[in-house]
Amino acid sequence: MDNEYGNNSYYDSTPINDGEKENSNGAYNSNFNSAYNTGSNYQNNQTDLTNINGEDYTPISPLGYLGYWIVFSIPCVGFILMLVFSFGGTRNVNVKNMSRGLLIMSVITVILTIFFIFALALIGRTHYTPSHYSY
């Protein structure tokens with residue numbers, strides 16, 4: 001049965017395969033959906049993402065992020081912990097990536113601050129230096 005939607009069974013109400021039948025609501029019941037809804041096959045085939053290649057992929061809670069931001073904002077200790085967590089002090093990939101991002105942002109901030117200090121010093125020097133002395 002050809003139709004304007006390219007012979008798709010969703011629109012022409014023909015089953016995709018032998019295991020599917022259309023119910024009174026227009027939806028399909030298939031063997032895959034019944035096995036999926038029971039959870040028997042899904043839970044057995046699910047991969048554990050918390051420990052792959054020796055790394056932990058456990059997500060960080062919002063309070064965890066807040067705690068890490070507070071610890072990293074301590075002037076000297078925070079920078080040292082940022083370096084430690086960035087280069088392998090933790091197995092959690094999320095903490096490692098967050099500390100790497102904050103470290104990159106800190107380095108960029110320091111470079112821009114030094115640049116603007118020198119630029120302002122240069123502007124101040126050329127602006128307030130008299131070209132000739134008049135008494």
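**Aromatic pairs and a nonpolar patch**

Phe 85 counts as buried, because its relative accessibility of 17% falls under the 20% cut-off. In this predicted model, Phe 72 is likewise buried, with a relative accessible area of 7%.

The chain to which these residues belong has 6 helices and 2 strands, and read along the sequence its elements follow the pattern α-β-β-α-α-α-α-α. Buried residues make up 16% of the 135 residues, while the chain exposes about 11000 Å², of which carbon and sulfur atoms supply 62%. Among contacts between residues at least 6 apart in sequence, 33% join residues at least 24 apart.

A search of the whole structure finds 4 aromatic pairs. One of them is formed by Phe 72 and Phe 85, whose rings meet edge-to-face at 6.0 Å centre to centre, with 65° between the planes. Phe 72 lies in helix 4 (residues 62-72) and Phe 85 in helix 5 (residues 75-86), so this pair ties together parts that are 13 residues apart in sequence. Phe 115 and Phe 116 form another edge-to-face pair, at 5.5 Å centre to centre and with 65° between the planes. Phe 115 is exposed, with a relative accessible area of 51%, whereas Phe 116, at 48%, counts as partly exposed. Tyr 68, for its part, joins Phe 72 and Phe 85 in one aromatic cluster.

Phe 115 and Phe 116 also belong to a nonpolar surface patch of about 510 Å², which they make together with Ile 104, Ile 108 and Leu 112. Of these residues, Ile 104 has its place in helix 6 (residues 93-128), and its relative accessibility of 52% is why Ile 104 counts as exposed.

Terms used: Residues numbered from 1 in each chain as written. Predicted model: local features only at pLDDT ≥ 70, side-chain atom pairs only at ≥ 80, totals over all residues. Heavy atoms only, no water. Patch = residues over 30% accessible without salt bridge, like charges linked within 9 Å, V, L, I, M, F, W, Y side chains within 5 Å. Areas by Shrake-Rupley, 256 points an atom, 1.4 Å probe, with all protein chains shown as cover. Salt bridge = Lys/Arg side-chain N within 4 Å of Asp/Glu carboxyl O. Helix = DSSP H or I, 4+ residues; strand = E, 2+ residues; numbered from the N terminus. Buried < 20%, exposed > 50% of the residue type's maximum accessible area, 1.4 Å probe, protein only. Contact = heavy atoms within 4.5 Å. Phe/Tyr/Trp six-rings, centres within 6.5 Å; stacked < 30°, edge-to-face > 60°.
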